[in-house]
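Here is a friendly walk through one protein model, with strands and sheets at the start and pockets and cavities at the end. Please keep the viewer open as you read.

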Amino acid sequence: MSDTVTINVDGKDYEVAAGSNLVDAAKWHAGNDIPVFCYHPKMEPVGMCRMCLVELGTPARDRATGEVVLNEDGTPQIRYFPKLQTACTTVVSDGMHIKTDTPQVIDARNDVLEFLLSSHPLDCPICDKGGECPLQNLTMRHGPQSSRMYFEDKQLLEKHYPLGELIFLDRERCIQCARCVRFQDEIVGDDVLAFHERGRRLQIITHSDPGFDTYFSGNTTDICPVGALTTADFRFGARPWELNEVPSISPWDAAGENISLSMRLDRDFGGRAMIKRVMPRQNEQVNEIWISDKTRFGHHFTRSGDRLQRPQMRSGDALRDSNWEAVLADIAEALRSADGDVAAIAGSGMSNEDLWELRRLMEGLGGSRLGAWPPTHGGADAVARTGVGFGTNLGRLGKGDAILVIASDLEEEVPIWRLRLKQAQDRGAYLVVANARDTRLEDFALQGARNDKVVEGDAIRYAAGEAVSVMRELANDHLEIAERLSGAENLVIVAGAEGLTLEGSAALAQAAANFLIETGHVGRPNNGLLSPLPGANGMGLHYLGYSPEASLDIAAKPPKVLIVAQAELLDDDPAARAWLSEVETVIYANLFDDGISELADYVLPLQSFAERDGCFVNGERRAQRFYTAQGPMGQALPAWKLFGSLRQAMGMSHLKPSAAAVMLELSKNVAVFEGISYRALAQVKRQFPDVGGRDQYYGGTAYANDGGLGVQIPSTADGSNKLKPVAIGEPESVSAAEGELLIMPVTRLYNRQRNFRPSLLMEPRILAASATLNPADAQALGIIQNDIIEIRAGKSSVRARADISDEIAAGAVAVPQHMTDAPVPLAISSGTVSRVSQAVATAD
């Protein structure tokens, strides 16, 4: 059977992929933009709006023989349907003919638009969608030039209806295309929107508590073809034509979502360019055209007044403002006097250029300890060896493929991966989730059926800390699951660190890598290992020589001089204050002060991702470039420039003129970055679906990618069949003594980290601090639901509300990180849980 068919669009033949949707085929091959409202290339067609009506015909066939009937000139005789057909619900077939510009089609489009406009408000001048509105554009192109409606018949509905804290609905503008409802149901799986009432009074409602309860609500405003859905963040903030778009990368997690920063000079920012909104930028191999709400609404830290803005150095008992020249000279002297007893800890908000200049500084000083922060995930080396193959696209996983997610809550850690893996299961992939507690992805794995389709999956529940043995003994303890994973055409394993020590997470990643090697699922696209490393540049830290093991070594044996770069030690580690007090000189460079100023001798302001050029390497090992969007806050410097200036002050080298020059040097000295220049990172190509053009009715307002698709770094396994399993040592187990429980830190997407706090819009979505216990443990401790409890482990003491659930195995308590000002343990540990106050009874 041929992979292609020939269709005729307005008299011209085109060869298109068999099985294509007609709207997609006409746009991709013929450049014919059939107008649509309800259809979206990422969702199932429903044919609701009727805007895509075309004349459609197929070759006539003899009823007796089934042969194509020919005209006298030998061409196939085309038999057209008596009525216009919806192109969006039509799959192309060989010989199909369509006409998109006949009088009947033109009249039909005009009629559809006239009906849609019969009760649509004439508020385009104040509508946030004005200037990028599909209804506005299609009305100008295809609609009536005047209205015949009776104003008295106009439907009057609510204009500013909050679906939640983030999204507002204008019910008068809604044209009932159901894109938002279908997106939440089909793509996200959070079925929190629905239609209510009938006929002209049909309305969108939310039936979740809190309203519109999902991590992906902002995407509905992108695909809404009118101004019915708007974000609270951008509402009445600017006009689309006033904005300048700057390509960037999400700074939050390992997905590396491609985004576009919409910039405008603004009086609220002193007349400087500020981020007015964050929009998705298409990259089909990374985030397609979707972004999480944290990425969309969590940008306010870039211009927060709480940012560090001037260099400071200690004078006596106090830190005092200074200038860069004096501070750099003083730091240079402190580094010289350390006699090589220096170390550095870097967070994953540091770009590769920043990390390179810091590494060069350390090499020049004779220091060899380069720590990656936070020291929680130990699987980066396994990802570098057996990570997903070159050319991997999670969007291509489907029937015959398999996915295993172990010791990770992707909904909270890397939400875009969760969304894409759920969709892979929708397409037929077998999904297995293994954890010590229930997660959102486990719910999907066990669903059985979704949207009238059978979905396949399994779950493995184990005791806290047992993930390594579960992975290692998978074939012995869960034979049927292991056989299905082994026999899959393609297999991706996501190995996290939840419920594990650093040593345990490294062992888990290697155990997963061994399983992939043994079953032949490495070194080719859509096969291999992923790890939800914290932050945007976890793999960049690894490739440039920084390791979490080095961070623990630094904590155990503090150096004379320590450089801390974009790492929140005190917010993350309960023990940090104790070991930092043993360091003679602490040089702290970051965006915010996490309290370390009490211990630091130098506090240096750094620029955020929006204020500089750079590149990150995401969890799929894709190096991706981001661009300067706004001016610096105060006297903040990019980290590469700070450390380059120190090297120059110490006579090691001259300061590079730009981040591009640093990247060029890096690519010549670090083998995995060979050939990765800014020019290479900026390369783009046409992607399907073809979104981001003037035809925003097709794909929504996601932006086309003109900033670069990035370059994937090959894994060791790519192109090699010689990899062998690596022996795994038994990681030291953590056990609870009598009267203790295992304290298991877990991640919450919305939390109180310092760079998320300035996004006040998100405050209502940040849950109160709670800790989850098994009912048996709660009963033994005399704790009931909603009691205030205290969790103590080592130097950590955290108070939270008790959440009693059998979704966590007995013997452990799950404690979310960064939900209070008190840090929880970095990794699983043992500790005590006690009741502080009893739950307050409330009236029914």
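How many bridges join strand β15 to strand β16, and do they run parallel or antiparallel? Four bridges join β15 (residues 312-315) to β16 (residues 318-321), and the two strands run antiparallel. Please bear in mind throughout that this is a predicted model.

## The β15 hairpin and its other partner

β15 and β16 make a hairpin with two residues between them. In the turn, G316 has a positive phi of about 70°. If you look at the pairing residue by residue, S315 has A318 as its bridge partner in β16.

β15 also pairs with a strand much further along the numbering, β28 (residues 602-605). That pairing is antiparallel too, over two bridges, and it places M313 opposite Y602 in β28.

## A run of antiparallel strands around β13

Next comes β13, which covers residues 258-266. Seven of its nine residues are buried, so the strand is largely enclosed by the rest of the structure. For this, buried means under 20% relative accessible area.

β13 has antiparallel pairings with both β12 (residues 244-249) and β14. Six bridges link β12 with β13, and E245 finds its bridge partner in S262 of β13. Eight bridges join β13 to β14, where M263 stands opposite I275. The hairpin of β13 and β14 has five residues between the strands, and G270 takes a positive phi near 65° there.

## A parallel sheet with helices packed on it

Strands of a sheet can pair in either a parallel or an antiparallel way, through backbone hydrogen bonds. An example of parallel pairing is an open sheet of five strands, in the order β23-β20-β19-β24-β25. The edges are taken by β23 (456-461) and β25 (528-530); each has a single partner strand, so one side of each is left without a neighbour in the sheet. On average, neighbouring strands of this sheet are turned by 15° against each other, direction ignored.

At the β25 end, β24 (residues 491-495) pairs with β25 in the parallel sense over three bridges. One of the partnerships to find in the viewer is that of I493 with L529 in β25. Helix α15 (residues 479-486) packs on the sheet and touches β19 (402-406), β20 (430-435), β23 and β24. The direction of α15 makes about 130° with that of β20. Helix α16 (residues 502-518) packs on the sheet as well, touching β19, β24 and β25, and its direction makes about 170° with that of β24.

## The two largest pockets

If you are interested in open space, the largest pocket holds about 1300 Å³. Its lining has 38 residues, and P41, K42, E288, G395 and R427 lie nearest its centre. Helices α1 (22-30), α4 (179-188) and α11 (415-426) each supply at least two lining residues, with α4 giving the largest share, four residues. By class, this lining has ten nonpolar, eleven polar and 17 charged residues.

The second largest pocket has about 960 Å³ of space. It is lined by 35 residues, and those nearest its centre are D213, Y215, E412, R748 and L767. Two or more lining residues come from each of α10 (410-413), α12 (440-445), β33 (770-773), β35 (796-804) and β36 (812-816). The largest share, three residues, belongs to β33. By class, the lining has 13 nonpolar, six polar and 16 charged residues.

## Enclosed space

The model also has five cavities of 30 Å³ or more. Which residues lie nearest the centre of the second largest cavity? They are T221, T231, F234, R277 and M279, among a lining of 18 residues. This cavity has about 210 Å³ of space.

The elements that give two or more residues to this lining are α5 (218-223), β11 (229-231), β14 (272-280) and α6 (293-297). The lining residues divide into five nonpolar, five polar and eight charged. Here β14 turns up again, since the strand that pairs with β13 also contributes to this cavity lining.

## A look at the start of the chain

Finally, S2 sits in the segment before β1 (4-9). S2 is partly exposed, with a relative accessible area of 48%. S2 and D94 are 92 residues apart in sequence, while their C-alpha atoms are 9.9 Å apart in space.

Conventions: Residues are numbered from 1 along each chain as its sequence is written. This is a predicted model: local features need pLDDT of at least 70, side-chain atom pairs count only at pLDDT 80 or more; totals for chains, interfaces and linings use all residues. Side-chain values use heavy atoms; hydrogens and water are left out. Two strands pair if DSSP finds at least two bridges between them. Axes are lines fitted to C-alpha atoms, for helices over the stretch in contact, and angles run from 0 to 180 degrees between N-to-C directions. Contact means heavy atoms within 4.5 Å. Buried means under 20% relative accessible area, exposed over 50%, partly exposed in between (1.4 Å probe, protein chains only). On a 1 Å grid over the protein atoms alone, a cavity is a set of points where a 1.4 Å probe fits but cannot get out, and a pocket is an open set with protein on both sides within 12 Å along at least five of seven lines; lining residues have an atom within 4 Å of a point. Grid points are joined across faces, edges and corners, and a volume is the space filled by probe spheres set on the points. Ala, Val, Leu, Ile, Met, Phe, Trp, Tyr, Cys and Pro count as nonpolar, Asp, Glu, Lys and Arg as charged, and the others, Gly among them, as polar.
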